[in-house]
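Work through the exercises below with the sequence and the structure at hand. Each task is followed by its solution in steps.

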Amino acid sequence: MRIQRRSLAGTPLTNAWLGGQPEATDLFPGRPGDLEAYRAKAAEIDTRFGADERRRSATYLSGGGPDAARRLDAFVEHGGFMVTTGQQPGLFGGPLFGLYKALTAGALARRIESALERPVLPVFWIGSEDHSWDEVRSTWVLDTENELHELALPPREGQATPPIHGIPMGGAVSEQVDRLMSLNPETDFSPRWRSLLDEAYRPELSLADGFRTVMETLLSESGVFLVQAHDPRLKSDSLPYLLREMEEAEEREAALAERASLIEGAGFAPQVPLLDDATNLFLEGPGGRERLFRDSDGLRLRGSGTRLTPADVEARARDEPSVLSPNVLLRPVIESALLPTLSYVAGPSEAAYLPQTEPVFAAHGIGRPVVHPRVALVLLERKVDKVLTKFGLDVEDLAQPYHELAGKLLLDDVPGPIQAGLTELRRAIGEGAGRLEGAIAELDPTLKGPVQAFRSQSFELLSDIERKVVQGLKRENEIALSQVDKAQRHVFPMGRPQERIFNPFYYLVRYDREFLDQLREHAAAAVLP
């Protein structure tokens, strides 16, 4: 299998940032390729984290590979830092890009550790408090016949939206494990990965539990640690920041609106919409995890409409810290408050919204971490690579809609005499009609219309002939076109990059740990300092 890097692309702001355009880079705290930016951030962290704070942050972590205990001791003793990234948990490890983020964080941590000569731990933050069940309950896989199949847990019944960590997967997950393995070929590696799936995806566990088990295994050799957003110790320690956010909600709304205006002034659209009277908090209420809004006489939950006072919210949160959680703009602040975060490895969507977090970081007296882009990869199995070579295509050609790509390929195969004949006819009709139109205009300008109609109809007839030639070529090249179609399913399934659709197990069953070794090599080559 060959692995190829792709350009990471997203919103105009992300693309401008990646391209080094000042109007975008000025919205970020330092550039990812500048070691001085990491040194400056390290100095800021040292003002907030001593040995006790680092020791506390280490208690949130799991995983980290076989020498995790030694590395954690060194992290505390020698004043270490962290490179973080994260994602919501997904079925069977979620889309590939989550793994790419973690491996980029591992590679970046090693690079910065060498430069700063102090320990740097890579940490993956599992967004287990997320409540978007429909976004995480399914994944896709190709079978041995190159057909796409969706694997999915059942949708939630009712309107409530509890956090993912509180939803047991139920018996359906065992059925989906069986189905996943049946769609893959039986290889020497199958028992190893079947065992991991059986351990991680048990009915009584949550998707967050399963995701953590899978990621700990896949990231062990990369030394990546994991933290769950709903960890009780982390939730207890984050409570002062959450309560402060509630107390200062009106100030924060005004500061975020001002920041959004600044981003718009730089020529970009803010990624996260700002809602009137919205706080940066969620509270578990009658409708599940609900956004808290300011109200005329206190607070209300957006979904259920339940009204509460700030004292009500504080009492509930102090009694059970897990019920109060941050939104997307506050979550990075909580992370940096509790973890000595030098850098955050971001995907294209995250990179677009992180500039909006500046006033929230500032309000809590925390400097923003340096943002580093994750690696973007495309996995090309030999059978796919052969198709690319056969038709003279590159990876990005496969991003086109199939009918457009097939049409272009077939037009290239139109026999020379036919191409020449069609070209000559178009030229002759265009030139002849032009001369006739000019001559007729001198006699009677109203006669130009029929000549123009003749030219248009002639060109339409020629296009129809060309379409029929292509249809004939399609019949003759049916097998070749089916190869292109299958290649597209591997690289751009359903018109989207494979990294956003497929989970890792298709490749693990076929290529085992060598697959992970290759990914690590490409992630290491992608880090910028």
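The exercises cover an open sheet and some salt bridges.

The model is predicted: local features need pLDDT of at least 70, side-chain atom pairs count only at pLDDT 80 or more, and totals for chains, interfaces and linings use all residues. Residues are numbered from 1 along each chain as its sequence is written, and side-chain values use heavy atoms, with hydrogens and water left out.

**Exercise 1.** Find the order of the six strands in the open sheet.

Step 1. Strands are DSSP runs of E with at least two residues, numbered from the N terminus, and two strands pair if DSSP finds at least two bridges between them.

Step 2. The order is β2-β7-β4-β3-β13-β14, and the pairing is mixed.

Step 3. β2 (62-63) and β14 (370-373) each have a single partner strand, so one side of each lacks a neighbour in the sheet.

Step 4. β2 runs antiparallel to β7 (residues 225-228), joined to that strand by two bridges; S62 has L226 as its bridge partner in β7.

**Exercise 2.** Determine whether D46 and R54 are buried or exposed, starting from their salt bridge.

Step 1. A salt bridge needs a side-chain nitrogen of Lys or Arg within 4 Å of a carboxyl oxygen of Asp or Glu. The closest N and O atoms of D46 and R54 are 2.8 Å apart.

Step 2. Relative accessible area (1.4 Å probe, protein chains only) under 20% means buried, over 50% exposed, and in between partly exposed.

Step 3. D46, at 34%, is partly exposed, whereas R54, at 3%, is buried.

Conventions: Helices (H or I, at least four residues) and strands (E, at least two) are DSSP runs, numbered from the N terminus.
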